[in-house]
Amino acid sequence: RAIDNQEQFSYAIATLGNLVNDLNVDLLRKVTGNKDKDIKSFGLLEQFLNMIDNTPNESLETFKTLNRIRQGFPIHTDKTEIIKNLKAVGIDYPIENHNDAWQVLIEKYKNGLIDLLKKIKKYAA
């Protein structure tokens, strides 16, 4: 759906952040054998991906960047970090067209999921 303003963009980013972070930590701990509670979802996913595939983990980097962008909205004082992460996905700051920026983020998320699925399919084969 179209994102028409900063408020809608902030809500959409929050939702995307929830999706990016909603990993099955229990399953990741089981498949990696990692019981260290200090290692969180992205660390476990990285360990799993390194176990099953020796190519760069572009999906993980995409998810981390999306998560950092989410942490910057709606209000965050560290504009440098926000600008850096938006630039990493091809969005200029300040955002002038929230719908265009949203479409970029959704496309990055979709591509990250596709990359992740390819790696998991190779593992499961």
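A residue counts as partly exposed when its relative accessible area lies between the buried limit, under 20%, and the exposed limit, over 50%. Glu 81, at 29% relative accessibility, is therefore partly exposed. The model described here is predicted. The protein has six helices and zero strands, and 38% of its 125 residues count as buried.

**Overall form**

- Read along the sequence, the elements follow the pattern α-α-α-α-α-α.
- The C-alpha trace spans about 45 × 30 × 25 Å along its principal axes.
- The accessible surface of the protein is about 7,900 Å², and carbon and sulfur atoms account for 52% of that area.
- Among contacts between residues at least 6 apart in sequence, 50% join residues at least 24 apart.

**The nonpolar core**

- The largest nonpolar core has 28 residues, of which Phe 9, Leu 45, Trp 102 and Leu 105 touch the most other members.
- Helix 1, helix 3, helix 4, helix 5 and helix 6 each give two or more residues to this core.
- Helix 3 gives the most to the core, with six residues.
- Apart from neighbours within four places in sequence, Phe 9 is in contact with Ile 3, Phe 73, Ile 95, His 98, Ala 101, Trp 102 and Leu 105.
- Two of the residues that touch the most other core members, Trp 102 and Leu 105, are thus named both in the core and among the contacts of Phe 9.

**Helix 1**

- Helix 1 covers residues 6-21, and its 16 residues should span 22 Å at 1.5 Å a residue.
- The end C-alpha atoms of helix 1 are 22 Å apart, which agrees with that expected span.
- The buried residues of helix 1 are Phe 9, Ser 10, Ala 12, Ile 13, Ala 14, Leu 16, Gly 17 and Val 20.
- The cover over these buried residues includes helix 3 (41-52), helix 4 (58-71) and helix 6 (98-124).
- At the start of helix 1, a side-chain oxygen of Asn 5 comes to within 3.1 Å of the backbone nitrogen of Glu 7.

**His 98**

- His 98 lies in helix 6.
- With a relative accessible area of 11%, His 98 falls under the 20% limit and so is buried.
- The side chains of His 98 and Gln 6 are joined by a polar contact of 3.1 Å.
- Not counting residues up to four places away in sequence, His 98 touches Ile 3, Asn 5, Gln 6 and Phe 9.

**Salt bridges**

- The structure holds six salt bridges.
- One of them joins the side chains of Asp 53 and Lys 122, at 2.9 Å from N to O.
- This pair links distant parts of the chain, with Asp 53 in the loop between helix 3 and helix 4 and Lys 122 in helix 6, 69 residues apart.
- The two partners are covered to unlike degrees: Asp 53 is buried at 6% relative accessible area, whereas Lys 122 is exposed at 56%.
- Another salt bridge joins the side chains of Lys 64 and Glu 61, at 3.8 Å from N to O.
- Lys 64 and Glu 61 are separated by about one helical turn because they are three residues apart in helix 4.
- Glu 61 has a relative accessible area of 39%, so it is partly exposed.
- In helix 5 (residues 79-88), Lys 84 and Glu 81 are also three residues apart, which means about one helical turn lies between them.
- The side chains of Lys 84 and Glu 81 meet in a salt bridge of 3.5 Å, N to O.
- Elsewhere, salt bridges that share partners join Glu 46, Glu 61 and Lys 64 into one network.
- An α-helix has 3.6 residues a turn, so residues three or four places apart point the same way.

**Asn 57**

- Asn 57 is found in the loop between helix 3 and helix 4.
- The relative accessible area of Asn 57 is 12%, so the residue is buried.
- A polar contact of 3.2 Å joins the side chains of Asn 57 and Lys 119.
- Leaving aside neighbours within four places in sequence, Asn 57 is in contact with Glu 46, Leu 49, Asn 50 and Lys 119.

Terms used
Residues numbered from 1 in each chain as written. Predicted model: local features only at pLDDT ≥ 70, side-chain atom pairs only at ≥ 80, totals over all residues. Heavy atoms only, no water. Helix = DSSP H or I, 4+ residues; strand = E, 2+ residues; numbered from the N terminus. Expected span 1.5 Å × (residues − 1). Buried < 20%, exposed > 50% of the residue type's maximum accessible area, 1.4 Å probe, protein only. Contact = heavy atoms within 4.5 Å. Polar contact = N/O pair within 3.5 Å; in protein donor to acceptor, adjacent residues only side chain to side chain. Salt bridge = Lys/Arg side-chain N within 4 Å of Asp/Glu carboxyl O. Areas by Shrake-Rupley, 256 points an atom, 1.4 Å probe, with all protein chains shown as cover. Core = buried A, V, L, I, M, F, W, Y, C linked by side-chain atoms within 4.5 Å.
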